[in-house]
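Here are some notes on the model below, written for a colleague who wants to look at the ligand site and at the unusual backbone geometry. Please read the points with the structure open.

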Amino acid sequence: MPYSRIVGLGHYVPERIVTNQYLSTVMDTNDDWIVERTGIRERRWIDPATDTVANMAAKASRMALERAGLQPSDIDFIIFATITPDYFFPGSGVLLQRELGLDGRIAALDIRNACSGFIYALSVADQFIKTGMYKNILVVGGEIQSTALDVTTRGRNTAVIFGDGAGAAIVQASGRQGVLSTHLHSDGNFAEELYIRDPGSSRSAAERQPDQILDTSTYKVVMNGNQVFKHAVVRFTEVITEALQANSLSKEDINLLVPHQANLRISQYIQEKLSLSNDQVYNNIMRYGNTTAASIPIALSEAWAEGRIRENDLVCLAAFGSGFTWASALIRW
Ligand code: UT7
């Protein structure tokens, strides 16, 4: 049975840098609060005139293909993790296929598992590789969160956190070990703790198509930050431990943990709980904020480029977010 290996990584973030200082001019917040509570110093927000989820993903994908030494035509399947597709439907997978000029017949699958989306997508890719169905799968996470944020004092607990960007990985069939295991979980009892209500289908036709939308708040991100935080620190630790146990490995074996970049305090809590050194954990939330499904592939791509991931290293991915969903993956690089 073939193994799945990540043979190329790429990322793209929009050019516009949004600093904490800028946010403090449009809402009641300040750099000290944001840095102390989240670790974020700046994030990237799109320019709607130039950036789309699909074209950011295409830029990240081209970088991943180049680093893998592959052509777009080598890709035989696309898996696109996003909760912010360019259209309500179809999903962004087909738009990415078009952007890359890929063979019009290859399949494109969209995954909507928020912050855990990239690991869910990697897990799906791993299953298709193991069955022998596909050989080179493009796995992407891309998000535009900035346009769904309430950038006023009312929305300050989310507006300061989220950012835009895309990351991509080429997952290839190999005779050598790569993805050791993936572990996926969800608990829908907490669906409304972090969500956007509209444009939801469970509305009357009149509600879905009003003459005028008077209150746009249901189109913005709503998050019960304390509740998400409390669950995140427990689930992250649990799901990393689960992955280690499933492979008879211990936390000392981890060369690099790349957690979903939700909040620097969450990453630091996990690091402390698992007694990991600074060298064993990668964080870049300071520069990009929380980019949901894009955060892990962006972080992986940067960590690899900085030489933090070497051949044979044990890399652990872990995520928690809306749904609630949470997941982990262990990879022998
Ligand atoms: O991607 C996965 C999903 N997301 C997460 O994992 C996020 C998890 N949650 C968090 O990261 C944190 O809960 C937040 C960063 C969102 C909030 O931090 P907190 O330490 O939990 O703050 P809080 O919600 O308990 O609010 C404390 C105070 C409140 O004021 P009062 O009621 O004490 O007067 C808030 O109104 O901080 C206030 N506040 C702010 N103040 C300045 C909330 N947001 C801001 C802000 N600037 N941006």
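1. A residue is counted as near the ligand if one of its heavy atoms lies within 4 Å of it. On that basis 23 residues surround the ligand, and the closest are Thr 29, Arg 37, His 260, Asn 263 and Asn 290.

2. This is a predicted model, in which local features need pLDDT of at least 70 and side-chain atom pairs count only at pLDDT 80 or more, while totals for chains, interfaces and linings use all residues. Residues are numbered from 1 along each chain as its sequence is written, and side-chain values use heavy atoms, with hydrogens and water left out.

3. Which classes of residue make up the shell around the ligand? The shell has eleven nonpolar, eight polar and four charged residues, where Ala, Val, Leu, Ile, Met, Phe, Trp, Tyr, Cys and Pro count as nonpolar, Asp, Glu, Lys and Arg as charged, and the others, Gly among them, as polar.

4. For the polar contacts (pairs of N or O atoms within 3.5 Å), an N or O atom in the side chain of Asn 290 is 2.6 Å from a ligand oxygen atom. Polar side-chain atoms of two arginines also approach ligand oxygen: that of Arg 156 lies 2.9 Å from an oxygen atom, and that of Arg 265 lies 3.5 Å from an oxygen atom. The protein covers 75% of the 950 Å² of accessible area that the ligand has on its own, as computed by the Shrake-Rupley method with a 1.4 Å probe.

5. Helix 2 (31-38), helix 6 (156-159), helix 8 (225-246) and helix 9 (264-273) each supply at least two residues of this shell, and helix 8 gives the most, with four residues. Helices here are DSSP runs of H or I with at least four residues, and strands are runs of E with at least two, numbered from the N terminus. Domain 1 (3-176) and domain 2 (181-332) each contribute at least three residues to the shell, with the bounds taken from an automatic or database domain assignment.

6. Two cis peptide bonds deserve a look. One runs from Phe 89 to Pro 90, with omega near 0°, and Pro 90 is placed in the loop between strand 4 (77-81) and helix 4 (92-99). Another joins Gly 323 and Phe 324, with omega about -15°; Phe 324 lies in the loop between strand 12 (314-321) and strand 13 (325-332).

7. Ser 248, although not a glycine, has a positive phi of about 50°, and this residue lies in the loop between helix 8 and strand 11 (256-259).

Note on methods
A polar contact is a pair of N or O atoms within 3.5 Å; within protein, one must be able to donate a hydrogen and the other to accept it, and residues adjacent in sequence count only if both atoms are side-chain atoms.
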